[in-house]
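This report describes one protein chain, from its overall make-up to selected residues. The sequence and the structure come first.

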Amino acid sequence: MSAVMDGSGGEAQPPWDAVAGLVRAARAGDALAMDEVLSVVTPYVTRLCRPIALTDSEDAVQEALTAVFVGMRGLRDPRAFYGWVRTVTVREAVRVAGRTAVERAVDPGEVARLSGLVSVGEGELSAQVRDVLARMPVHHRAVLVLRELEELDERSAAEILDVAPGTVKSRLHRARSAFRKAWQP
């Protein structure tokens, strides 16, 4: 397994071989191994939570890491660790964002002054991107993250979000359309 970019400034996640022993030890109850596993995945979890749970990303990160901690012993195939962490993280981020967010449709007139998609660095989204995303429903943000940032196919995104692939396709279409409209001057 090759290294996977974690999006936090270009650092790569360790390949499976580098964390395999830690995951196995953590599943067996080794507290130090669990602490190290959580340290390794925290940048990745943070990168996923930020664009989904915009104002509550810190809470989403904590909830996701707690879910990883609690669910680690139940992980059937440790080689599926990174995919499992992604699924747990996205579901927790959607749940956290959904419980506190007042969702409203994107108002293109309100954000028409914005232009350019610029990343600030360290995996951060520009304030303008965050502004547009904040106006989108959480299920649109989640599908954008999975398809655009994680580059997953519709089937994989559907499995993570626990919806039909057709639902992912229609949400993605609406989310991309709303995002484009918000960026037009």
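Two residues are in contact when heavy atoms of theirs lie within 4.5 Å. The model is predicted, and contacts are used in this sense throughout.

**Overall make-up**

The protein chain holds nine helices and four strands. Along the sequence these follow the order β-β-α-α-α-α-α-β-β-α-α-α-α. Of its 185 residues, 43% count as buried. The accessible surface amounts to about 9,600 Å², and carbon and sulfur atoms account for 51% of that surface. Taking the contacts between residues at least 6 apart in sequence, 68% join residues at least 24 apart.

**Confidence**

The mean pLDDT of the protein chain is 77, with 74% of the residues at 70 or more. By element, helix α3 has the highest mean, 93, and helix α5 (residues 108-111) the lowest, 40. The pLDDT is below 50 over residues 1-14, a stretch that nevertheless has 33 contacts in the model beyond near neighbours in sequence. Over residues 103-123 the pLDDT also stays under 50, and here the model has 44 contacts beyond four places in sequence.

**The nonpolar core**

In soluble globular proteins, nonpolar side chains tend to be buried together. In this model the largest nonpolar core has 52 residues, and Val45, Met72 and Phe81 have the most contacts inside it. Two or more residues each come from α1 (16-27), α2 (31-52), α3 (57-71), α4 (81-100), α6 (127-134), α7, α8 (154-161) and α9 (165-183). Helix α2 gives the largest share, eleven residues.

Which residues does Met72 contact, leaving aside its neighbours within four places in sequence? They are Val23, Ala26, Arg27, Met34, Val37, Phe81 and Trp84. Two of these contacts, Phe81 and Trp84, lie in helix α4.

Thr89 is also found in helix α4. With a relative accessible area of 0%, Thr89 is buried, since the limit for a buried residue is under 20%. Not counting residues up to four places away in sequence, Thr89 touches Val45, Leu48, Cys49 and Ala64. Val45 is one of the residues with the most contacts inside the largest core.

**Aromatic pairs**

A pair of aromatic rings is described by the distance of the centres and the angle of the planes. Two aromatic pairs are counted in the model, and both are listed below.

| Pair | Centre to centre | Angle between planes | Type |
|---|---|---|---|
| Phe81 and Tyr82 | 5.4 Å | 65° | edge-to-face |
| Phe81 and Trp84 | 6.4 Å | 40° | tilted |

The Phe81 and Tyr82 pair is edge-to-face because its planes stand at 65°, and the bound for that class is over 60 degrees. The Phe81 and Trp84 pair, at 40°, is tilted because planes from 30 to 60 degrees apart are neither stacked nor edge-to-face. Ring pairs thus join Phe81, Tyr82 and Trp84 into a cluster.

Phe81 and Trp84 are three residues apart in helix α4, about one turn of the helix. An α-helix has 3.6 residues a turn, so residues three or four places apart point the same way. Phe81 and Tyr82 are both buried. For Phe81 the relative accessibility is 1%, so this residue counts as buried.

**Helix α7 and the loops that follow**

Helix α7 covers residues 138-149. At 1.5 Å a residue, its twelve residues should span 16 Å, and the end C-alpha atoms are 15 Å apart, which agrees. The buried residues in α7 are Val138, His140, Arg141, Ala142, Val143, Leu144, Val145 and Leu146. Helix α7 also gives two or more residues to the largest core.

Just after α7, Glu151 takes a positive phi of about 55°. Glu151 is not a glycine and lies in the loop between α7 and α8. Is Glu151 buried or exposed? At 66% relative accessibility, Glu151 counts as exposed, the limit being over 50%.

Asp162 lies in the loop between α8 and α9. The phi of Asp162 is near 60°, a positive value in a residue other than glycine. Asp162 has 63% relative accessibility and therefore counts as exposed.

Key. Residues numbered from 1 in each chain as written. Predicted model: local features only at pLDDT ≥ 70, side-chain atom pairs only at ≥ 80, totals over all residues. Heavy atoms only, no water. Expected span 1.5 Å × (residues − 1). Buried < 20%, exposed > 50% of the residue type's maximum accessible area, 1.4 Å probe, protein only. Core = buried A, V, L, I, M, F, W, Y, C linked by side-chain atoms within 4.5 Å. Areas by Shrake-Rupley, 256 points an atom, 1.4 Å probe, with all protein chains shown as cover. pLDDT = per-residue confidence, 0-100. Phe/Tyr/Trp six-rings, centres within 6.5 Å; stacked < 30°, edge-to-face > 60°.
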